[in-house]
Amino acid sequence: MAPPIIMAIIMAMTREERNKQRSDWHKKNRDKNLESMRKYYHATSKKQSEQAKKRNELLKKEVHAQYGSVCKCCGISETIFLTVDHIEGGGNKHRTIVGSGTRFYVWLKKNGWPKGFQILCFNCNFAKHIKGFCPHNSTVGQKV
Ligand SMILES: [Zn+2]
Ligand SMILES: [Zn+2]
């Protein structure tokens, strides 16, 4: 039988060792948990962004159903080129209030598709904002 002091040291050592083992296990487990959390997060965020994309596309379709699906100026119908234009201008100011892109579409829908908006392609819209009219045509052109 070892003197009590030695016993105490042995016990202390084993406790420490046990603790070390436990913390190693925890560490390993934590890494594993982190990894699975990362995977889970990645999978859900991907799924969520896909859902958001689908929602946005649907919303965009609604917008085009309301305001037209071709550029009012040049008649281009590629949805990807189209944007909603504020007929009387002031788009930028308005966008800073309600937001741009999807948030702007949501705003339109919430407000019951208000008048004063039309569909233009980015080219015509850009020209209108820079020059005040689109060089494409002069009939609608003066005030696209
Ligand atoms: Zn156009
Ligand atoms: Zn144009």
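**Exercise 1. Give the order of helices and strands along the chain, then judge its overall form.**

Solution.
Step 1. Along the sequence, the elements run α-β-α-α-β-α. The model is a predicted one.
Step 2. The radius of gyration is 31 Å. The globule rule gives 15 Å for 144 residues. The chain's value is well over that, so the chain is more spread out than a compact globule.
Step 3. Count the elements: 4 helices and 2 strands.
Step 4. Take the box along the principal axes. The C-alpha atoms fill roughly 110 × 25 × 25 Å.

**Exercise 2. State what share of the chain's residues is buried, and what share of the contacts with a separation of 6 or more joins residues 24 or more positions apart.**

Solution.
Step 1. Of the 144 residues, 11% are buried.
Step 2. Keep the contacts with a separation of 6 or more. Residues 24 or more positions apart account for 66% of them.

**Exercise 3. Place Val 63 in its element and decide: buried or exposed?**

Solution.
Step 1. Find the element. Val 63 belongs to helix H1, which spans residues 4–67.
Step 2. Count the neighbours. Val 63 has 24 other C-beta atoms within 10 Å.
Step 3. Apply the cut-off. A residue is buried at 20 or more. Val 63 is therefore buried.

**Exercise 4. Identify the contacts of Val 63 beyond its neighbours within four places in sequence.**

Solution.
Step 1. Set those sequence neighbours aside. Val 84, Tyr 105 and Leu 108 are in contact with Val 63.
Step 2. Look further along the chain. Gln 118 is 55 residues from Val 63, and their C-alpha atoms are separated by 9.8 Å.

Conventions. Residues are numbered from 1 along each chain as its sequence is written. Chains are lettered from A and ligands numbered from 1 in the order in which they are written. This is a predicted model: local features need pLDDT of at least 70, side-chain atom pairs count only at pLDDT 80 or more; totals for chains, interfaces and linings use all residues. A residue is buried if 20 or more other C-beta atoms lie within 10 Å of its own, exposed if 12 or fewer, and partly exposed in between; C-beta atoms are placed from the backbone. Two residues are in contact if their C-beta atoms, placed from the backbone, lie within 7 Å. The radius of gyration is taken over C-alpha atoms; the globule rule is 2.2 Å times the number of residues to the power 0.38.
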